[in-house]
4 protein chains.
Amino acid sequence: MQATQDTKPRWERRKDARPQELLAAALEQFVERGYAATRLEDVAKRAGVSKGTLYLYFANKEELFKAVVRENIVATIGEAEQDAAAFDGPSGELLGALLMKWWNEICSTPLGGIAKLMLAEGNNFPELAEFYNEEVVARGSNLFTRALERGVARGDFRPVDPVVMTQVLIAPVMMLLMWTHSYIPTCDMPPVEPGPFMATFLETTLRGLKADTP
Amino acid sequence: MQATQDTKPRWERRKDARPQELLAAALEQFVERGYAATRLEDVAKRAGVSKGTLYLYFANKEELFKAVVRENIVATIGEAEQDAAAFDGPSGELLGALLMKWWNEICSTPLGGIAKLMLAEGNNFPELAEFYNEEVVARGSNLFTRALERGVARGDFRPVDPVVMTQVLIAPVMMLLMWTHSYIPTCDMPPVEPGPFMATFLETTLRGLKADTP
Amino acid sequence: MQATQDTKPRWERRKDARPQELLAAALEQFVERGYAATRLEDVAKRAGVSKGTLYLYFANKEELFKAVVRENIVATIGEAEQDAAAFDGPSGELLGALLMKWWNEICSTPLGGIAKLMLAEGNNFPELAEFYNEEVVARGSNLFTRALERGVARGDFRPVDPVVMTQVLIAPVMMLLMWTHSYIPTCDMPPVEPGPFMATFLETTLRGLKADTP
Amino acid sequence: MQATQDTKPRWERRKDARPQELLAAALEQFVERGYAATRLEDVAKRAGVSKGTLYLYFANKEELFKAVVRENIVATIGEAEQDAAAFDGPSGELLGALLMKWWNEICSTPLGGIAKLMLAEGNNFPELAEFYNEEVVARGSNLFTRALERGVARGDFRPVDPVVMTQVLIAPVMMLLMWTHSYIPTCDMPPVEPGPFMATFLETTLRGLKADTP
DNA sequence: AATGAATGAGATTTCATTCAT
DNA sequence: GATGAATGAAATCTCATTCAT
């Protein structure tokens with residue numbers, strides 16, 4: 001099992017691994033510096049290759065970025081969709097679970113930096129914005145909207161507009177993400193601590209959503 | 001004519017008048033394109049002057065940006081501090097008033113674009129970030145934290161950590177601001193509408209903050 | 001008259017002259033190296049300016065090239081059109097005059113290098129080819145075709161297809177142009193000498209065109 | 001099977017076979033795109049081998065090009081030299097036959113593209129130009145010059161300078177070749193059609209060459 | 001012999017900043 | 001004070017050539 005069944009010569013295994021290494025380096029660099037400010041040479045240097053090598057695998061900066069998104073984010077959304085469909089219990093719990101999973105598996109990881117970046121630079125790169133909205137934002141929002149509809153239908157929640165409420169729910173987490181990936185940590189501000197923030201937010205919001213008891 | 005009621009020497013009055021136009025143009029351009037992507041040539045064109053003229057009044061791009069912030073945002077915060085100190089009534093109302101004022105007078109105006117920009121690009125320009133935190137973020141947050149402390153002290157609110165709760169309160173408005181100034185409006189997503197968003201958010205949060213009734 | 005009526009300061013006169021200097025440098029460089037092999041840095045160096053300066057006057061390499069063509073060639077064609085319209089005499093003379101003028105004023109000058117370049121590289125730059133055909137080739141060919149039609153109509157020439165004959169007439173001059181602007185002069189081949197070539201060609205062709213005498 | 005009727009050692013036979021495919025691919029690519037614009041990767045792809053393989057057979061791009069010329073053009077010239085020596089008849093016919101053969105067997109085939117390319121890019125690649133002139137241009141021109149000398153000596157042609165007249169004869173065919181392999185066919189110009197062009201050219205030129213009848 | 005991943009010099013283009021007028 | 005022409009460093013992308021396997 002641990003003995004190598006891999007019969008390929010080393011350099012060929014290297015070739016297979018190369019795109020992953022480049023994508024990892026690109027993710028780090030994009031998150032650290034943003035899209036426009038990321039120089040492909042730095043991505044290359046981080047991956048330990050030359051500028052030219054990047055172009056063997058990705059046609060240009062834009063395609064590199066899209067590949068990072070596809071590789072890292074799109075996949076995760078599918079899982080969450082299945083989790084939500086399978087859930088059976090009070091809607092407050094479903095909502096809390098979705099939000100925590102979203103936070104823990106995407107927002108708090110380097111991937112969160114991608115979301116920040118899109119919000120920050122989407123205006124200047126319309127094609128990327130469109131791509132990101134279709135592949136990520138639209139599908140992600142849906143998850144929460146459906147959970148809210150379920151909650152209202154079951155009487156778990158007071159009646160709210162599920163689309164607007166989705167935005168209200170998403171906003172604090174997105175903002176926590178923005179702060180986490182922004183200059184804030186390096187400043188003398190009282191730092192935003194994800195644990196207490198999420199707890200306070202959830203407690204407050206789920207209380208605020210609860211159906212009025214007569 | 002040459003007698004001056006204005007105590008400033010003449011060249012300084014001139015120096016006072018011209019920068020206003022430059023700052024207005026710079027604000028618009030920074031909001032539209034972000035800090036890094038703003039070309040000084042476009043700022044100059046918008047102000048109807050030459051590129052060189054900008055350098056007569058501002059040492060470089062960074063100083064121009066700082067001047068924009070000082071000119072537009074710092075002043076407004078003082079007012080709000082006074083309003084809050086003078087308020088006498090239920091803390092829920094105070095909080096709601098502060099949040100709405102913040103939204104209406106800053107976030108929803110072009111100035112909101114500056115906040116977005118700092119969040120988005122602060123990492124790449126640490127000196128700007130530090131400046132902005134000291135002059136804007138720190139003083140602004142304080143307002144909300146004190147209102148929360150007042151509410152808890154008066155028994156208007158259930159006991160919460162006022163610093164964390166400040167972050168939870170600020171987050172959705174900041175996020176609304178991000179969305180308002182981002183690519184979202186141009187996409188096929190259901191648009192985020194400030195009115196319903198703020199209403200839903202306030203209703204939900206103030207309910208969630210209310211002291212438990214025995 | 002020779003005292004300067006020009007009231008502009010020197011640098012401003014320089015500004016007006018600048019585009020001309022750049023176009024002259026570009027013409028030389030394009031002719032010497034071809035379109036693709038011309039580096040804008042070399043054009044700049046030849047004009048004694050920096051790379052960036054070129055972009056103050058021409059949006060990119062393609063526009064620079066088009067400007068060279070417009071500035072130098074398009075104008076000359078208009079003149080020839082008027083000359084031809086005004087001509088009154090035997091068609092053989094008209095044809096000879098047109099061919100000699102074409103050779104003397106365009107083909108044998110650096111401008112001939114542009115024609116060579118288009119023939120050589122047009123395939124790789126379709127937009128340039130289209131531009132050049134519309135502005136130069138189409139209008140130029142017309143001149144000869146009309147002169148041939150006139151000659152046949154007047155009985156100066158035996159009946160020939162004027163379009164095909166235009167091509168046959170143009171071909172040797174074009175080829176002389178190609179040779180003149182090609183590597184040939186630097187080789188140990190017997191050089192092609194324009195004077196005898198044109199004389200021999202005209203003599204032969206005009207004899208061949210003459211209407212049969214009964 | 002292993003007994004060889006072929007006297008060459010085995011590795012040399014192999015080395016003989018493979019290059020043919022590479023040369024064919026290189027010819028096509030050079031003709032299609034020119035020398036400088038031809039990427040060795042495309043040549044390799046066309047030949048169905050890897051880029052590295054090219055370097056096993058040809059030291060570099062330049063040697064590859066020379067091999068293409070040797071392989072395809074140099075051989076053909078020898079044949080024509082023999083045909084001309086054996087010809088017995090009126091010099092007009094000989095000249096016509098040589099020109100038509102040249103057109104049909106070289107110029108109108110892909111090989112014509114090589115001639116175009118040399119004329120177009122020779123300036124930028126002096127070593128190639130020298131090589132091409134020695135191997136191709138000099139020997140080719142000779143054929144026509146000798147036929148003209150023969151015609152003048154026999155009284156078939158009026159007295160002309162055979163070297164200059166060679167250039168005048170060659171020029172239209174070369175030009176037809178240039179047009180055939182240039183952007184012209186793709187333009188809205190009246191296309192140059194080889195059949196009528198050659199007929200018109202030959203008719204006109206042979207008439208123009210004919211000795212004056214007393 | 002054959003591969004194809006990797007390299008790095010070099011080309012076009014952009015833009016904050018300077019400075020002669 | 002005001003101008004805007006000029007600069008040159010830096011970013012993206014290309015491709016002939018090399019070399020480990």
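Biologist: Why is helix α6 of chain C largely enclosed by the rest of the structure?

Modeller: Count its buried residues. This is a predicted model, so every value here is computed from predicted coordinates. Buried means under 20% relative accessible area. In helix α6 of chain C, residues 111-121, 11 of the 11 residues are buried, so the rest of the structure largely encloses the helix.

Biologist: Which residues of α6(C) are buried?

Modeller: They include C:L111, C:I114, C:L117, C:M118 and C:L119. C:K116 and C:E121 are on the list too. So are C:G112, C:G113, C:A115 and C:A120.

Biologist: Now the chain pairs. What turn and shift lay chain D on chain C?

Modeller: A turn of 179° and a shift of 0.1 Å along the axis, with an RMSD of 0.3 Å. That is the relation of a two-fold axis. Both copies use the same surface: 100% of the contact residues of chain D recur in chain C.

Biologist: How is the size of an interface often given?

Modeller: Often as the accessible area lost when the parts come together. Here chain D and chain C bury about 4100 Å² between them, and carbon and sulfur atoms give 64% of that. In chain D, the residues losing the most area to chain C are D:L119, D:Q167 and D:Y183. Together they make up 17% of what that side buries.

Biologist: How many residues does each chain bring to that contact?

Modeller: Chain D gives 50 residues and chain C gives 50 residues.

Biologist: What about polar links? How many salt bridges and polar contacts are there between chain D and chain C?

Modeller: The salt-bridge count is 0. Polar contact is found for 10 residue pairs, both residues at pLDDT 80 or more.

Biologist: Which helices of chain D supply the side that touches chain C?

Modeller: α1 (10-33), α6 (110-121), α7 (126-154), α8 (162-180) and α9 (194-209) of chain D each supply at least two residues. The largest share, 12 residues, comes from α8(D). By class, that side of chain D has 30 nonpolar, 12 polar and 8 charged residues.

Biologist: Turn to chain B and chain A. What area do they bury between them?

Modeller: About 4100 Å², 64% of it on carbon and sulfur atoms. B:L119, B:Q167 and B:Y183 supply 17% of the area that chain B buries against chain A, more than any other three residues.

Biologist: And how many polar contacts cross the interface of chain B and chain A?

Modeller: The rule finds 12 residue pairs, both at pLDDT 80 or more. Salt bridges number 0 between these chains. On the side of chain B that touches chain A, α8(B) gives the largest share, 12 residues.

Note on methods: Residues are numbered from 1 along each chain as its sequence is written. Chains are lettered from A and ligands numbered from 1 in the order in which they are written. This is a predicted model: local features need pLDDT of at least 70, side-chain atom pairs count only at pLDDT 80 or more; totals for chains, interfaces and linings use all residues. Side-chain values use heavy atoms; hydrogens and water are left out. Buried area is the accessible area (1.4 Å probe) that two parts lose on being put together, summed over both. A salt bridge is a side-chain nitrogen of Lys or Arg within 4 Å of a carboxyl oxygen of Asp or Glu. A polar contact is a pair of N or O atoms within 3.5 Å; within protein, one must be able to donate a hydrogen and the other to accept it, and residues adjacent in sequence count only if both atoms are side-chain atoms. Helices (H or I, at least four residues) and strands (E, at least two) are DSSP runs, numbered from the N terminus. Buried means under 20% relative accessible area, exposed over 50%, partly exposed in between (1.4 Å probe, protein chains only). Copies are superposed by least squares on the C-alpha atoms of residues with pLDDT of at least 70 in both. Contact means heavy atoms within 4.5 Å. Ala, Val, Leu, Ile, Met, Phe, Trp, Tyr, Cys and Pro count as nonpolar, Asp, Glu, Lys and Arg as charged, and the others, Gly among them, as polar.
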